[in-house]
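Trainee: I'd like to learn how to read a few features off a model. Can we go through one together?

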Amino acid sequence: MEWFSTVVTGPRTDFGFEQIPLGVKAGRVRDVFDSVAGRYDVMNDLMSGGLHRAWKDAIVNWLRPRADMRLLDLAGGTGDIAFRFLRAGGGSVVVTDINLEMLLVGRDRARKRRIDGAINWLCADGEQLPVPDNSVEVVTCAFGVRNMTDKAGALSEIYRVLKPGGRFMCLEFSRLVLPGLEDIYNKFSFAIVPRLGRIVANDEASYRYLAESIRTFPDQETFAEMISDAGLSNITYKNLTGGVAAMHSAWRI
Ligand code: SAM
């Protein structure tokens with residue numbers, strides 16, 4: 001008897017705890033958000049007990065929107081950052097995301113709030129933005145970089161599109177800095193979140209990916225170094241909820 005096996009060679013990357021061929025990741029991530037788009041907002045509230053709202057408020061408050069400010073919200077999904085930016089006095093937003101389903105949910109939400117005139121929705125890959133060099137004043141990205149295949153490449157794209165003097169602000173899950181929380185946090189994210197995903201979004205695997213992708217994402221300092229390697233300067237960060245999430249701010253000078 002002969003045994004045959006398929007050996008997939010070439011560069012690989014993480015998809016949660018799995019190692020998969022590089023070229024496959026974007027499609028897998030797209031499947032995740034296609035699957036959850038309709039239940040994405042309700043799941044965020046359930047999983048975080050509403051905390052994601054406070055974190056998003058915090059990053060927009062740190063940004064201090066002005067009426068003459070135009071924002072590019074990268075991986076903007078269903079529009080949470082865009083809505084807060086406009087509510088806080090920002091001028092206009094381009095929300096860009098690789099996933100059309102997420103953007104369509106966002107556009108409907110904006111229409112219901114009657115703020116769709118101030119938002120443009122652009123379906124594009126954050127690793128290859130169809131945006132000119134040196135053209136954007138502020139880029140935000142909330143819970144998006146973690147899902148990208150080439151994180152360093154995405155950060156370089158952000159540097160490329162920012163004007164000199166422009167600012168990048170990122171909100172992401174990060175590393176706990178409060179001792180003693182690990183056990184409960186691990187139990188919550190690996191046992192409860194996927195179960196909630198199954199019950200509410202009919203998709204356990206996507207929410208297991210979420211928990212795993214958080215663990216494989218760089219910690220606060222390492223991520224600050226990656227931002228620096230992309231060419232951005234004056235990098236600072238603030239922890240949220242004991243490091244469950246963190247927000248980074250950086251400038252193109
Ligand atoms: N920013 C929104 C928020 O905070 O609610 C959505 C965050 S959601 C966890 C991650 C988003 O990243 C999804 O909408 C997904 O489609 C998007 N995404 C993943 N990979 C991307 C890529 N390469 N380029 C642009 N968006 C991407």
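Trainee: How many cavities of 30 Å³ or more does a search of the whole structure find?

Mentor: First, a word on the source: this is a predicted model, where local features need pLDDT of at least 70, side-chain atom pairs count only at pLDDT 80 or more, and totals for chains, interfaces and linings use all residues. Residues are numbered from 1 along each chain as its sequence is written, and side-chain values use heavy atoms, with hydrogens and water left out. Now the idea: rolling a probe the size of a water molecule over the atoms shows where empty space is left. A cavity is a set of points, on a 1 Å grid over the protein atoms alone, where a 1.4 Å probe fits but cannot get out. Here the search finds one of 30 Å³ or more, and the largest holds about 40 Å³ of space.

Trainee: Which residues line the largest cavity?

Mentor: Lining residues have an atom within 4 Å of a point. Among them are Glu172, Phe173, Phe217, Ala246 and His248. Strand 7 and strand 9 each supply at least two residues of that lining; strands are DSSP runs of E, at least two residues long, numbered from the N terminus.

Trainee: Is strand 9 buried or exposed?

Mentor: Buried means under 20% relative accessible area, exposed over 50%, and partly exposed in between, with a 1.4 Å probe and protein chains only. In strand 9 (residues 245–251), six of the seven residues are buried, so the strand is largely enclosed by the rest of the structure.

Trainee: Which way do strand 7 and strand 9 run?

Mentor: Two strands pair if DSSP finds at least two bridges between them. Strand 7 (residues 162–173) runs antiparallel to strand 9, with seven bridges joining them, and Met169 sits opposite Ser249. Strand 8 (residues 233–240) also pairs with strand 9 in the antiparallel sense, over six bridges. One bridge there matches Leu240 with Ala245. In that hairpin, four residues lie between the strands, and Thr241 has a positive phi near 50 degrees.

Trainee: How many disulfides does the rule count?

Mentor: A disulfide is a covalent bond between the sulfur atoms of two cysteines. The rule asks for a pair of cysteine sulfur atoms within 2.5 Å, and the count comes to zero. For Cys123, the nearest cysteine sulfur is that of Cys141, 15 Å away. For Cys170, the nearest is again that of Cys141, at 5.2 Å. Cys123 is partly exposed at 42% relative accessible area, whereas Cys170 counts as buried at 1%.

Technical notes:
1 Å grid on protein atoms, 1.4 Å probe; cavity = no way out; pocket = protein on both sides within 12 Å on 5 of 7 lines; lining within 4 Å. Points joined across faces, edges and corners; volume = space filled by probe spheres on them.
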